Amino acid sequence: LFSLGLAQNTENYSIGFTYRFINWQNAELSKQLWWKNENLFALGGEYKVLSYLKLRGSYGLVGSDAVPDNRYLYQQFYNRGTPYYFGQNAITSIGLAEGSLGNAFVTWEKAKKADVGIDLNMFNGLSITFDYFNDYRYDQLFYPGSISSIIGIGFARQNLATVRNKGFDGQIKYQNKIGKVYYDAAFVFS
């Protein structure tokens with residue numbers, strides 16, 4: 001069993017939203033379930049039904065402070081504006097233009113991740129790996145909608161979006177040799 005706890009700090013968010021705690025749990029049962037050359041799983045001689053078995057599992061809460069636009073989303077920004085004509089002469093001046101509004105309540109994007117898997121080696125050359133994963137991301141930064149261009153600025157990003165990815169993936173592989181030539185064939189699925 002492996003456990004990781006970590007506190008992190010960032011300057012990308014306003015005071016009160018700068019710290020996060022990461023917690024990750026990982027468990028593997030391989031040494032207790034590792035059979036090699038045992039009579040229980042051998043059908044005679046070198047031909048073993050099961051030579052390796054490993055059960056895996058992990059769960060954790062992780063986060064990201066990667067900001068897609070500007071670094072400090074909680075602050076109002078002003079950008080260099082486009083040139084405009086001043087007076088009747090062809091003299092141009094460059095002013096300031098408001099950027100997107102700031103959001104003092106923006107915080108880390110978060111994800112709860114879980115994975116359960118099994119690894120098998122059997123029949124002197126066949127290996128199977130199978131995993132089930134569930135990745136739930138929430139508090140993702142997203143624009144809340146659009147506003148009229150009459151106002152001239154956009155909304156600030158907010159922690160609104162959620163995404164869930166889950167499914168199965170794995171590999172079935174067979175390897176052997178004919179004389180001095182080694183070969184293998186694999187089927188990967190997801």
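Here are some numbered notes on the structure above, which is a predicted model.

1. **Overall make-up.** Let's start with the whole chain. It holds 0 helices and 9 strands, so the pattern along the sequence reads β-β-β-β-β-β-β-β-β, with strands defined as DSSP runs. Of the 190 residues, 24% count as buried. The exposed surface of the chain comes to about 13200 Å², and carbon and sulfur atoms supply 58% of that area.

2. **Contacts along the sequence.** Among contacts in the chain with a separation of 6 or more, 59% are made by residues 24 or more positions apart. Several of the pairs described below can be read with that figure in mind.

3. **How β7, β8 and β9 pair.** Strand β8 covers residues 158-178 and runs antiparallel to β7, with 15 bridges joining the two. Within this pairing, D131 stands opposite D169 in β8. On to the next strand: β9 (residues 181-189) pairs with β8 in the antiparallel sense over 9 bridges. Here K177 has Y182 in β9 as its bridge partner. The hairpin of β8 and β9 has 2 residues between the strands, and G179 there takes a positive phi near 65°.

4. **Salt bridges around R56.** The model has 6 salt bridges by count. As background, side chains of opposite charge can pair when their charged atoms come close. One of these bridges joins D115 to R56, with the closest N and O atoms 3.9 Å apart. D115 sits in strand β6 (residues 109-122) and R56 in strand β3 (residues 50-64), so this pair links distant parts of the chain, 59 residues apart. R56 also forms a salt bridge with D131, where the closest N and O atoms are 2.8 Å apart. Because R56 lies in β3 and D131 in β7 (residues 126-142), this second pair ties together parts that are 75 residues apart in sequence.

5. **Is R56 buried or exposed?** That is worth asking of a charged residue. R56 has a relative accessible area of 18%, and the cut-off for buried is under 20%, so R56 counts as buried. D131 is buried as well. The network of salt bridges here links R56, D115, D119 and D131.

6. **A second link between β6 and β7.** K113 forms a salt bridge with D135, and their closest N and O atoms are 3.1 Å apart. K113 belongs to β6 and D135 to β7, so the pair ties together parts 22 residues apart in sequence. The two partners differ in their exposure class: K113 is partly exposed at 24% relative accessibility, whereas D135 is buried at 11%.

7. **Aromatic pairs.** The count of aromatic pairs comes to 6. In one of them, the rings of Y132 and F168 have centres 5.2 Å apart and planes at 50°, so the pair is tilted. Y132 lies in β7 and F168 in β8, so these rings tie together parts 36 residues apart in sequence. Both are partly exposed: Y132 has a relative accessible area of 29%, and F168 has 46%.

8. **A stacked pair and a cluster.** Y136 and Y138 make a stacked aromatic pair, 5.4 Å centre to centre and with 20° between the planes. Y136 is partly exposed at 26% relative accessibility, while Y138 is buried at 17%. Turning to the aromatic cluster, its members are F130, Y132, F168, F187 and F189.

9. **A nonpolar surface patch.** Which residues form the nonpolar patch on the surface? They are L101, Y143, I147 and F155, and together they have about 290 Å² of accessible area. L101 is placed in the loop between β5 (92-98) and β6, and it is partly exposed, with a relative accessible area of 34%.

10. **S93 and P83.** A last small point concerns strand β5, which is where S93 is found. S93 counts as partly exposed at 24% relative accessibility. The C-alpha atoms of S93 and P83 are separated by 5.4 Å, and the two residues are 10 residues apart along the chain.

Terms used
Residues are numbered from 1 along each chain as its sequence is written. This is a predicted model: local features need pLDDT of at least 70, side-chain atom pairs count only at pLDDT 80 or more; totals for chains, interfaces and linings use all residues. Side-chain values use heavy atoms; hydrogens and water are left out. A salt bridge is a side-chain nitrogen of Lys or Arg within 4 Å of a carboxyl oxygen of Asp or Glu. Helices (H or I, at least four residues) and strands (E, at least two) are DSSP runs, numbered from the N terminus. Buried means under 20% relative accessible area, exposed over 50%, partly exposed in between (1.4 Å probe, protein chains only). Patches are made of residues with over 30% relative accessible area and no salt bridge: like charges are joined within 9 Å, nonpolar side chains (Val, Leu, Ile, Met, Phe, Trp, Tyr) within 5 Å. Accessible areas come from the Shrake-Rupley method with a 1.4 Å probe; for residues, only the protein chains shown count as cover. Two strands pair if DSSP finds at least two bridges between them. Contact means heavy atoms within 4.5 Å. Rings of Phe, Tyr and Trp (its six-membered ring) pair if their centres lie within 6.5 Å; planes under 30 degrees apart count as stacked, over 60 as edge-to-face and the rest as tilted.
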